[in-house]
Structure formats: structure tokens, C-alpha cells
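Please read the following report alongside the sequence and the coordinates. It takes up the chain as a whole, then its interior, its main pocket and a few individual residues.

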Amino acid sequence: MATSSKHILVVGLGNHTHPGTRHNVGMMVVDSIAERFNAAWTKKGAWQAEIATVTTTIRMKMPKQKGNPAARAVRAALSPVAPNDNNSINSNNSNISNSAANTAGESSVATEAAATAPAIRKQPEMMTMELKLTLLKPLQLMNVSGTSVSRAARDLGISATNILVIHDDMERDLGKLSFKNEGSANGHNGIKSCVKALGTQHFRRLRVGIGRPEDRSPKIVSSFVLGRFKPLEVVKLEELVYEKAGDEIIRVSTIVHEGKKA
């Protein structure tokens with residue numbers, strides 16, 4: 001069975017000095033992932049962050065070959081080379097006409113047998129992926145947290161396409177999850193800081209809905225995002241977000257896109 005490996009930097013945005021607030025839901029999600037895998041948090045002074053490491057092995061279907069160079073390489077390494085025996089083919093040609101009469105009666109029997117034989121479903125080719133997740137919680141304020149992310153990515157040798165940032169989103173109802181592969185910050189200061197520090201918008205995000213106040217005035221919005229989740233909202237996060245977010249992060253991290261980067 002073929003094997004591959006991948007290392008993903010998973011960032012939970014928030015203000016570590018304001019635990020339990022709506023603006024901290026990204027940190028709350030990575031906390032839930034660390035707890036799920038019994039991963040301990042340690043402080044990394046050089047990155048101004050707390051980190052935890054998760055490793056898991058995923059068994060998955062082999063990616064299709066078409067348009068996927070990585071899949072072609074894996075399949076080429078696993079596929080035996082068929083012998084090129086042109087001489088035996090040519091020597092057999094002289095016997096075809098002599099055997100035609102003998103096989104004429106047999107062909108109808110073979111055809112009937114093939115039609116009645118049960119179809120054999122081809123089993124999908126499988127592979128395993130060794131997935132490593134470095135979970136990171138910046139210890140800086142939200143609007144400058146990108147420097148923690150860029151330092152970690154640099155030292156770990158992780159490209160921007162293998163970074164996933166989790167953050168709060170007022171445009172979605174509480175508990176709604178949405179992935180975004182790249183693009184602008186949509187006004188989120190933590191994402192703005194990541195874009196600036198990484199020098200690119202080409203990193204993935206998981207947006208976690210926190211709901212929205214009816215009054216969109218700056219003072220009300222600030223009070224809302226910096227306010228703590230209510231007890232029933234915490235229950236909803238536990239029921240709708242934490243486990244599903246962890247599953248979806250692992251699923252997205254193991255995808256091998258055909259013809260484009262994961």
C-alpha cells in the first residue's frame with residue numbers, strides 16, 4: 001500500500017487574554033482538537049504562541065491519475081512493466097487461421113458463459129497518509145497575530161497552501177462552518193494581519209459563525225464580538241462545531257486535488 005505524508009499548520013485566531021469570547025472561537029476550536037487527541041500545549045517564545053502537535057494516520061482511496069502528477073508518480077511506482085514480446089505475437093499469427101475453425105463452435109459457449117457470470121467489482125486502490133497537524137494559538141493581539149503565524153510557517157518549512165486559519169465570522173449563524181481557500185480578509189483584522197505577514201492571500205480559512213447583532217454600529221459590534229458566549233451558545237458550539245470542525249479540518253487536509261493544489 002502506498003504511503004504519503006503532509007504537515008499542516010492549523011491556527012486558531014483570537015485574543016488569548018479574553019477566553020470564552022466570540023472573537024476567540026478560533027482558539028476554542030483548536031483547543032477542542034488538542035483535547036480530542038490528548039495533545040498538550042506548550043509555549044513557543046520565538047513564535048509568541050502556544051503550540052500542540054497532533055499526528056494521525058488516514059487510510060484513503062488512491063487519487064485518480066488523470067491530471068494529477070502526484071497520483072501518476074505513485075501509480076507508476078506501483079505498476080509492473082508489461083513485457084514487450086512482439087516475437088511471440090508474430091509467431092502466434094501463423095496459427096490463427098488454422099485454429100479458427102476449431103474455435104468457432106467454442107466461441108458461442110464462451111460468450112454465453114461470460115454473459116451469465118457475475119460481475120466482479122473492482123476494489124478501489126488504497127493508500128495511507130501520515131498527517132501531522134501543528135496547532136497554534138498566537139499570544140499576540142488579534143490585529144498583529146500574523147507575525148506568529150509567519151514565524152511558525154518559516155521555521156517549520158510549511159508553505160502558505162498548507163496553512164489553515166480558523167476565525168470567527170459574523171456573517172454566519174452561530175455554529176455554521178464554511179471553508180475558504182484564499183482571498184481577501186473581508187474586514188477581519190486577524191486575517192488581514194496573516195495576509196500581511198505571510199505576503200499572500202493564498203491560505204485556507206475555516207470560518208465559524210458566531211451570529212450577529214441587529215445593530216451594526218461599531219460600538220455594538222465591538223461589544224458583541226468581545227462578549228462571552230452565553231451558556232446555551234456554548235452548548236451549541238459543543239454540539240455543532242467542535243467535533244465537526246475537527247473532522248472537516250482532517251478531511252480537507254488529506255484531499256489531493258486533481259490538477260490543482262490541495
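## The chain as a whole

Of the 262 residues of the protein chain, 41% count as buried, and this figure, like every other in the report, rests on a predicted model. The chain is built from eight helices and seven strands, and among its contacts with a separation of 6 or more, 77% are made by residues 24 or more positions apart. Its accessible surface comes to about 15,300 Å², with carbon and sulfur atoms accounting for 53% of that area.

## The nonpolar cores

The largest nonpolar core has 32 residues, and those with the most contacts inside it are Val10, Val29, Leu133, Leu135, Ile166 and Leu237. Two or more residues of this core come from each of strand 1 (2-12), helix 1 (25-36), strand 3 (49-61), strand 4 (126-138), strand 5 (163-169), strand 7 (204-209), helix 6 (218-225) and helix 8 (242-254). Helix 1 supplies the largest share of the core, with six residues.

Val29 illustrates how such a core residue is surrounded: once its neighbours within four places in sequence are left aside, Val29 is in contact with Ile166, Val208, Val241, Tyr242 and Ala245. Apart from the largest core lies another one, of 19 residues, which includes Ile51, Ala153, Ile158 and Ala185.

## A buried serine in helix 8

Ser253 lies in helix 8, and with a relative accessible area of 0% it is buried, because the cut-off for that class is under 20%. Not counting residues up to four places away in sequence, Ser253 touches Lys6, Ile8, Met129, Leu131, Leu133 and Arg204; of these, Leu133 is also one of the residues with the most contacts inside the largest nonpolar core. Ser253 and Leu164 are 89 residues apart in sequence, while their C-alpha atoms are 8.8 Å apart in space.

## The largest pocket

The largest pocket has a volume of about 510 Å³ and is lined by 26 residues, of which His23, Asp168, Gly187, His188 and Asn189 lie nearest its centre. The elements that give two or more residues to this lining are strand 5, helix 5 (189-198), strand 7 and helix 6, and the most is given by helix 6, with four residues.

In character the lining is mixed, for its residues divide into nine nonpolar, ten polar and seven charged. Strand 5, strand 7 and helix 6 each give two or more residues to the lining, and these elements likewise give two or more residues to the largest nonpolar core.

## Two residues with positive phi

Most residues other than glycine have a negative phi, and two loop residues are considered here against that background. Phi of Asn38 is near 55 degrees, a positive value in a residue other than glycine. Asn38 is found in the loop between helix 1 and strand 2 (42-44), and its relative accessible area of 72% is over the 50% cut-off, so Asn38 counts as exposed.

Phi of Gln48 is likewise positive, near 50 degrees, again in a residue other than glycine. Gln48 has its place in the loop between strand 2 and strand 3, and because its relative accessibility is 36%, between the cut-offs of 20% and 50%, Gln48 counts as partly exposed.

Terms used
Residues are numbered from 1 along each chain as its sequence is written. This is a predicted model: local features need pLDDT of at least 70, side-chain atom pairs count only at pLDDT 80 or more; totals for chains, interfaces and linings use all residues. Side-chain values use heavy atoms; hydrogens and water are left out. A nonpolar core is a set of buried Ala, Val, Leu, Ile, Met, Phe, Trp, Tyr and Cys residues joined through side-chain atoms within 4.5 Å. Buried means under 20% relative accessible area, exposed over 50%, partly exposed in between (1.4 Å probe, protein chains only). Contact means heavy atoms within 4.5 Å. On a 1 Å grid over the protein atoms alone, a cavity is a set of points where a 1.4 Å probe fits but cannot get out, and a pocket is an open set with protein on both sides within 12 Å along at least five of seven lines; lining residues have an atom within 4 Å of a point. Grid points are joined across faces, edges and corners, and a volume is the space filled by probe spheres set on the points. Ala, Val, Leu, Ile, Met, Phe, Trp, Tyr, Cys and Pro count as nonpolar, Asp, Glu, Lys and Arg as charged, and the others, Gly among them, as polar. Accessible areas come from the Shrake-Rupley method with a 1.4 Å probe; for residues, only the protein chains shown count as cover.
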